[in-house]
Amino acid sequence: MKYVLGISCGYHDSAAALIKDGKVLGACEEERFTGIKHDSSFPKNTIEWLMETYNVTSDNLHAICYYEKPKEKLNRIQLSLEKKPKKWYDIFYNTKKSILKRNQKSYEEIQNEIKKLCGKNTLIHYVDHHQSHLAYSYYTSPFHHSAILSVDGVGEWETTCLALGSKNNINKMGSINFPNSLGMLYSTFTAFLGFKPNEGEYKVMGLAPYGNSKKYKEKFDKLIKKGKNGTFEIDMQYFTYEYDDKSMFNEKLGQLFEIPNRLPEEELTQDHKDIAAGLQSLYEELFFDLLNVLYEQSQSDSLCLSGGCAYNGTANGKILQRTKFKKLYIPPAPSDAGSAIGCALDYHYRTSEIRVLNNNPFLGPGYGKQDILNAMEKYKDKIWIETKLKEQIVDVIAKEIKDGNVIGWFEGRIEFGARALGNRSILANPRDPQMKSRLNRVIKKREGFRPFAPMVKEELSKAYFYYNDTVPYMNQVVKVKEEHGFFLPSITHVDNSARIQTVNKNQHRYIYELLDKLHQINGYPIVINTSFNLKDQTMVLTPEDAIRTFLDCEMDILVLHNHIIKKKIL
Ligand SMILES: [Fe+2]
């Protein structure tokens, strides 16, 4: 029995995963337990849950894998800090030293925590940051031979990595080093546009279709010098992320774009939208250069994608159309969270040639009958409960969705990765023209410009969307067919796009049946699916979280497994 624990933490989206003989038994982001969005702390709660659930102790824990190499990373931080321009307050506060010390301390703490988990025979194994990304996407893919691309912020030194996976081997074919980083570039403009870096990138992507990508093209072109084989250099005179961990750009960037950076509470102007569009366009240009080089080098029809940038659904949705790749796989948690699985699988496949199927995204904690009964008992004064057979629930809920009600849907184990895939989801009618603004305003309390993502029955997806492949993990943005966009106003973006999730019966039996029923009564096998959480909160984990969140907002109905819950009017 070879239990291997994978850990990624210290930067953002901390996570842990447990594998046994190559099978991922469980994995979860620490934020799901702590409620702190993108929690970067050591994933104590997740590890505790994994070890308790699978009866793992330090005695039978074969290895602990860590998703990057701390020494190399500290070395990069130290060398990059040397480039920091001298300013009087830097000398006064000694900021260079404090940044390095903070990072050293953080790694020491992580290493101490890891040692505490070890038994006499437990090995500690450090894997390259990008190797962890590559391994996660390749080893959880259905391919035994595939090109792999990891596009990210930064690891030790690498920011981008091109590789070829063949059986149980991953061979790196090329890489780009810090500070030339597509992820850092995107995050810098996320900050420039007044959103949180490492968090608000999807908002910039959502804003881009409202802008004109040509308006700032010349300015964006000044930031980049293209090299051979898809490489590029960033003109660092505008950026500070190389040596500063608090800001990412300097005043020269605003001077170049002739616009000051936007503060979070400021209005979004057309200029901001044009910058978002220009950024997305530049990202795609460089991204597709890399993919074309990778195709030529690998001569593989399949592509596995990972790294934080693999959440850029707009670019991902164009891969099969704009490159020669014929098959695409993007795992559910391509950023650092997924690296907890990646580093453990990388370790496993060093000694094993037998590929193990790992295509289940529902890897977090699940809750039983008694947990649900206890939670309902606790809130019994505030809720009405109707208990039915799950099969009956689908019919009732489909009708409620058709009638314009917003449904909280809770079942099984929580999904791993940023997207709700049907176990912790909010569902609503995509045909209702008011639904986008209702969900944005009342439930998610977020900016009104972003549409919601649809789930669609896999085999019927082609009838409504211009996309021939399956998208099980909701990471590709595709075009809605003209004749349907008008009838699906709440999932269709201003540029006629939608970030789809295709669902088949094996993936999710009840969501599939719900889509089937909606097809009959609502004309479309499609439902809005957004993650089950309120603004600035993490996805609900327990049945109690679900009821509390349901009572805290204007959601109409909550489904907890086979119970339908409504609010009592007090
Ligand atoms: Fe990463």
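# Exercises on a three-domain model

In this predicted model, residues 24 or more positions apart account for 72% of the contacts with a separation of 6 or more. Let's work through the fold together.

**Exercise 1. Find out whether the radius of gyration of the protein agrees with that of a compact globule.**

*Solution.*
- Step 1: Start with the chain length, which is 570 residues.
- Step 2: For that length, a compact globule would have a radius of gyration near 25 Å.
- Step 3: The protein has 23 Å, so the value agrees with the globule rule.
- Step 4: Add the spans of the C-alpha trace along its principal axes, about 65 × 60 × 50 Å.
- Step 5: Finish with burial: 50% of the 570 residues are buried, where a buried residue has 20 or more other C-beta atoms within 10 Å of its own.

**Exercise 2. Describe the side of domain 1 that touches domain 3.**

*Solution.*
- Step 1: Locate the domains in the assignment. Domain 1 covers 3-139 + 337-348, domain 2 covers 182-330 and domain 3 covers 369-567.
- Step 2: Take the distance between the centres of domain 1 and domain 3, which is 33 Å over C-alpha atoms.
- Step 3: Look at the contacts: eight residues of domain 1 meet eight residues of domain 3.
- Step 4: Ask which elements of domain 1 give two or more residues to this side; they are β3 (23-29) and α1 (31-34). The largest share, three residues, belongs to α1.
- Step 5: Sort this side of domain 1 by class, and you get four nonpolar, one polar and three charged residues.

**Exercise 3. Work out the strand order of the open sheet that has five strands, and name its edges.**

*Solution.*
- Step 1: Keep the whole inventory in mind: the protein has 21 helices and 22 strands.
- Step 2: Recall that strands of a sheet pair through backbone hydrogen bonds, either parallel or antiparallel.
- Step 3: Write down the order, β8-β7-β6-β11-β12, and note that the pairing is mixed.
- Step 4: Pick out the edges. β8 (169-177) and β12 (327-329) each pair on one side only.
- Step 5: Check the twist: neighbouring strands are turned by 20 degrees against each other on average, with direction ignored.

**Exercise 4. Follow strand β6 to its partner β11, then to the helix that lies across it.**

*Solution.*
- Step 1: β6 (residues 145-151) and β11 (residues 302-306) run parallel and are joined by four bridges.
- Step 2: For one bridge, start at A147; its partner in β11 is L303.
- Step 3: Now find helix α11 (residues 270-298), which lies across β6, β7 (158-166) and β8.
- Step 4: Compare directions: α11 runs at about 150 degrees to β6.

Methods:
Residues numbered from 1 in each chain as written. Predicted model: local features only at pLDDT ≥ 70, side-chain atom pairs only at ≥ 80, totals over all residues. Domains from an automatic or database assignment. Contact = placed C-beta atoms within 7 Å. Nonpolar A, V, L, I, M, F, W, Y, C, P; charged D, E, K, R; others polar. Pairing = 2+ DSSP bridges. Axes fitted to C-alpha atoms, helices over the stretch in contact; angles between N-to-C directions. Rg over C-alpha atoms; globule rule 2.2 N^0.38 Å. Buried ≥ 20, exposed ≤ 12 C-beta atoms within 10 Å, placed from the backbone.
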